[in-house]
Amino acid sequence: MDLKSILKTLKLNESTISTVLGAIVILVLGVFVINYFKHLPSNQLPSTALTTENNIQTTHKVAKGETLSQIAFKYYKSGDWKQIADANNITDPNVIEVGQELKIPVEQTETPIAQATPAETPVPTTPTFTPTPVATPTASPSATPAVANPNEAISAATYKVVKGDSLWKISVRAYGDGYKWVQIAKANKLHNPDLIHPGNIFVLPR
């Protein structure tokens, strides 16, 4: 077959050849894309997490028995519930309702709690956040007795818990700032800051 005949044959089958070549190109590109994403590190894969203009990552529906601290530990390694309280306009962190939907913002690294070292940051040992009884520290001779007036300021370096106390209330009386309860929890290695008992003696960092 001479060159003229070959060219004529190619001319007659031009559409078929174009279709075959197009399919080959698409196939090659598909293989290339698959191999690219296959070898891409998992932390560089396109994220499917939904975000909003307010930098909200997700929402959480409050379950029975949950506290704001437990919810914070679930989403943040630092356990900083203040970000959740601010995002949902919660003035009293002890008052949340079952079924309430909370906005969970992306954790802010510039917050004071984020500056703690990994060894100092209290992290729950299980994802179920089962409350663990807190052992009562041995009282030292210098331990401060319970204050009779629940509204009286605490100036000592230690404090003995009485009925009705919470870390928030103790922090307000000791520092004038309820949000500094995190310092008390860290200093006393409390994994569950909502679980304290009358008679516990806490160190108050100064």
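**Entry 1: Lys82 and its partners**

I began with Lys82, which counts as partly exposed because its relative accessibility is 30%. The model I am reading is predicted. I next looked up the charged partner of Lys82 and found a salt bridge with Asp86, the closest N and O atoms lying 2.9 Å apart. Asp86 has a relative accessible area of 41%, so I recorded Asp86 as partly exposed. Both residues belong to helix 4, and they are 4 residues apart, about one turn of the helix. I noted the general rule here: an α-helix has 3.6 residues a turn, so residues three or four places apart point the same way.

I then asked which ring Lys82 lies over. Lys82 lies over the face of Tyr179, at 4.8 Å from the ring centre.

**Entry 2: The other salt bridge**

How many salt bridges does a search of the whole structure find? The search returned 2. Besides the pair in helix 4, I found Asp165 bridged to Arg173, with the closest N and O atoms 3.9 Å apart. I checked whether these two residues are buried or exposed. Asp165 and Arg173 are both buried, whereas Asp86 is partly exposed at 41%.

**Entry 3: Aromatic rings around Trp81**

I searched the whole structure for aromatic pairs and obtained 4. One of them joins Trp81 and Trp168; the ring centres are 5.8 Å apart and the planes meet at 50 degrees, so I classed the pair as tilted. This pair links distant parts of the chain, since Trp81 sits in the loop between helix 3 and helix 4 and Trp168 in helix 5, 87 residues apart. I looked up the accessibility of each: Trp81 is buried, with a relative accessible area of 4%, and Trp168 is partly exposed, with 21%.

I next took the pair of Trp81 and Tyr179. Their ring centres are 5.5 Å apart and their planes are at 40 degrees, so this pair is tilted as well. Tyr179 lies in the loop between helix 5 and helix 6 and Trp81 in the loop between helix 3 and helix 4, so the pair ties together parts that are 98 residues apart in sequence. Tyr179 counts as partly exposed, at 28% relative accessibility.

Which residues form one aromatic cluster? I listed Trp81, Trp168, Tyr179 and Trp181.

**Entry 4: The largest nonpolar core**

I turned to the largest nonpolar core, which has 26 residues. The members that touch the most other members are Leu68, Ile84, Leu102, Leu167, Ile170 and Phe202. I then listed the elements that give two or more residues to this core: helix 3 (68-75), helix 4 (82-87), strand 2 (101-105), helix 5 (167-175) and helix 6 (181-187). Helix 6 supplies the largest share, 4 residues.

What does Ile84 touch, not counting residues up to four places away in sequence? I found Leu68, Ile71, Ala72, Tyr76, Leu102, Lys103, Ile104 and Pro105.

**Entry 5: Helix 3**

Because Leu68, Ile71 and Ala72 appear among the contacts of Ile84, and buried means under 20% relative accessible area, I checked how far helix 3 is covered. I found helix 3 mostly covered, with 6 of its 8 residues buried. These are Leu68, Ser69, Gln70, Ile71, Ala72 and Phe73.

Methods:
Residues are numbered from 1 along each chain as its sequence is written. This is a predicted model: local features need pLDDT of at least 70, side-chain atom pairs count only at pLDDT 80 or more; totals for chains, interfaces and linings use all residues. Side-chain values use heavy atoms; hydrogens and water are left out. A nonpolar core is a set of buried Ala, Val, Leu, Ile, Met, Phe, Trp, Tyr and Cys residues joined through side-chain atoms within 4.5 Å. Buried means under 20% relative accessible area, exposed over 50%, partly exposed in between (1.4 Å probe, protein chains only). Contact means heavy atoms within 4.5 Å. A salt bridge is a side-chain nitrogen of Lys or Arg within 4 Å of a carboxyl oxygen of Asp or Glu. Rings of Phe, Tyr and Trp (its six-membered ring) pair if their centres lie within 6.5 Å; planes under 30 degrees apart count as stacked, over 60 as edge-to-face and the rest as tilted. A charge sits over a ring if NZ of Lys or CZ of Arg is within 6 Å of the ring centre and within 35 degrees of the ring normal.
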